[in-house]
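Work through the exercises below with the sequence and the structure side by side, and try each task before reading its solution.

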Amino acid sequence: MYPITVDVIHTICQSSGQVLRIVIFKKNGVQAMVEFDGVDSAMRAKESLNGADIYSGCCTLKIDFAKPDKLNVHKNDSESWDYTLQLVKETPNNGRPQPLLQEPHFGSRPQPYNAYPSEQARPFDEICPGYGDTFPTDAFRKGTNPAAITADQRNTQFQQPGAVLMVYGLDPLRTNADKLFNLMCLYGNVARIKFLKSKEGTAMVQMGDSVAVERCVQNLNNVTIGITGAIPLTHRANVDAMQEDAEHPREHKLQLAFSKQPYLSEVTNPYPLPDKSPSYKLYINNKNNRFMNPAMASKNRIQPPSKILHFFNTPPQVTEEALFQVFKDYDVEPPKAVKLFPMKSERSSSGLLEFENTTEAVAAVMACNHAAIESPGMKFPFIMKLCFSSSRSMSIKNGDNSDPSAEKQD
């Protein structure tokens, strides 16, 4: 679940001294050998890193001195690298916090741990000295907000190889790119979605990084989806109820797999899907991506699909009837119960939605995540956001009116 690559090892070791070569072995767990520029650097690395967690609460390092005097690197890849073939900048050893790296929720390059995700003005160089040069962009190094990230930086962030997955078993008549985005964005940034004309009900999705792909596969593979909306009018003319049940089942099981393609290429003339929407869409600049920077990523809690959804960013005075109507307007099964949380502010509201089963809840996320809800007196509608809840019951215990899966959501 957590990447251990030469980038990761180099990032956590470079403050101890210049790293010359790294070789990773995956036998009886993951082991790595690191060749430094001298004995002093190796001793500093052992003293400062032994017993440290690479990621919060896991990947605890055990470090010993190795017997070889020199490492032989035959090729530069994710498991071996010879840094003497390029200029390597040595960084000072000014101390380090715990853990060594932030959890990999944003970008596949290792990121320093940020113990103060709410303090955006505090630069990462101050939080984690010596690590700044490993960052791909100044936006991430300084912890800026999403609006400060330029288009070029977004493109760089999304250009991570090995971040494409295959999605099989989609409803060919009802599913479109936006519905698939509404589901996938819960597990990572979505860059591009492309439906395959030659394989009905199949799409390719390029995520922001390989970690997001792994989360999607882990949480969504073999998940059953219910009705995500009405069949487009152009396809309903010759389909009566009996034919719909026989030829177009009400439930579809998703099958997710890793793709061999490193990226999805631009499609200049996508073919239209049954609802007339394009079969290819670009989401790199979509404001509904939830992992655009460390501060945004830290607010997401990864949960597998469940029958209870957490909703937020709805109008302050929203009613249960208004929420029921949203799902009816999108032609999906409405929740059987709604719980509104006491408002912490007058800016928006939040709560829980309980569906009959997980199948209906997943369909609701695909159809209604990011649905617009009008509010009297407001110029712009509220964009309702949905995510799966860790709650297994809608009951209130000991006066707790919050959803533990969404404590960090806005």
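The exercises that follow concern a predicted model, and each solution goes step by step.

**Exercise 1. Describe the place and the surroundings of N176, and decide whether it is buried or exposed.**

Solution. Begin with the chain: N176 sits in the loop that runs between strand 6 (164–168) and helix 6 (177–184). Next, take its relative accessible area, which is 11%; because buried means under 20%, N176 counts as buried. Then look for the partners of its side chain, which reaches the backbone nitrogen of K179 at 2.9 Å and also makes a polar contact of 2.7 Å with the side chain of D275. Finally, leaving aside residues up to four places away in sequence, list what N176 touches, namely F195, L273, D275 and S277.

**Exercise 2. Find out how many residues of helix 1 are buried, and which elements they pack against.**

Solution. Start with the count: helix 1 covers residues 6–13, and 7 of its 8 residues are buried, so the helix is largely enclosed by the rest of the structure. Then name these buried residues, which are V6, V8, I9, H10, T11, I12 and C13. The last step is to trace their neighbours, and here the buried residues of helix 1 pack against strand 1 (19–26), strand 2 (30–36), helix 2 (39–49), strand 3 (53–55) and strand 5.

**Exercise 3. Locate F65 and state which nonpolar patch it belongs to.**

Solution. First find F65 in the loop between strand 4 (58–60) and strand 5 (80–82). Its relative accessible area is 54%, and because exposed means over 50%, F65 is classed as exposed. Now add its partners: together with V39 and M43, F65 forms a nonpolar patch on the surface, and the accessible area of the three together is about 330 Å².

**Exercise 4. For N222 and K276, give the phi angle, the loop and the degree of exposure.**

Solution. Take N222 to begin with, whose phi is near 70°, a positive value in a residue other than glycine. N222 lies in the loop between helix 7 (210–220) and strand 9 (224–225), and its relative accessibility of 41% makes it partly exposed. Turn then to K276, which is not a glycine either and yet has a positive phi of about 75°. The loop that holds K276 runs between strand 11 (255–258) and strand 12 (280–282), and with a relative accessibility of 61%, K276 counts as exposed.

Notes: Residues numbered from 1 in each chain as written. Predicted model: local features only at pLDDT ≥ 70, side-chain atom pairs only at ≥ 80, totals over all residues. Heavy atoms only, no water. Helix = DSSP H or I, 4+ residues; strand = E, 2+ residues; numbered from the N terminus. Buried < 20%, exposed > 50% of the residue type's maximum accessible area, 1.4 Å probe, protein only. Polar contact = N/O pair within 3.5 Å; in protein donor to acceptor, adjacent residues only side chain to side chain. Contact = heavy atoms within 4.5 Å. Patch = residues over 30% accessible without salt bridge, like charges linked within 9 Å, V, L, I, M, F, W, Y side chains within 5 Å. Areas by Shrake-Rupley, 256 points an atom, 1.4 Å probe, with all protein chains shown as cover. Salt bridge = Lys/Arg side-chain N within 4 Å of Asp/Glu carboxyl O.
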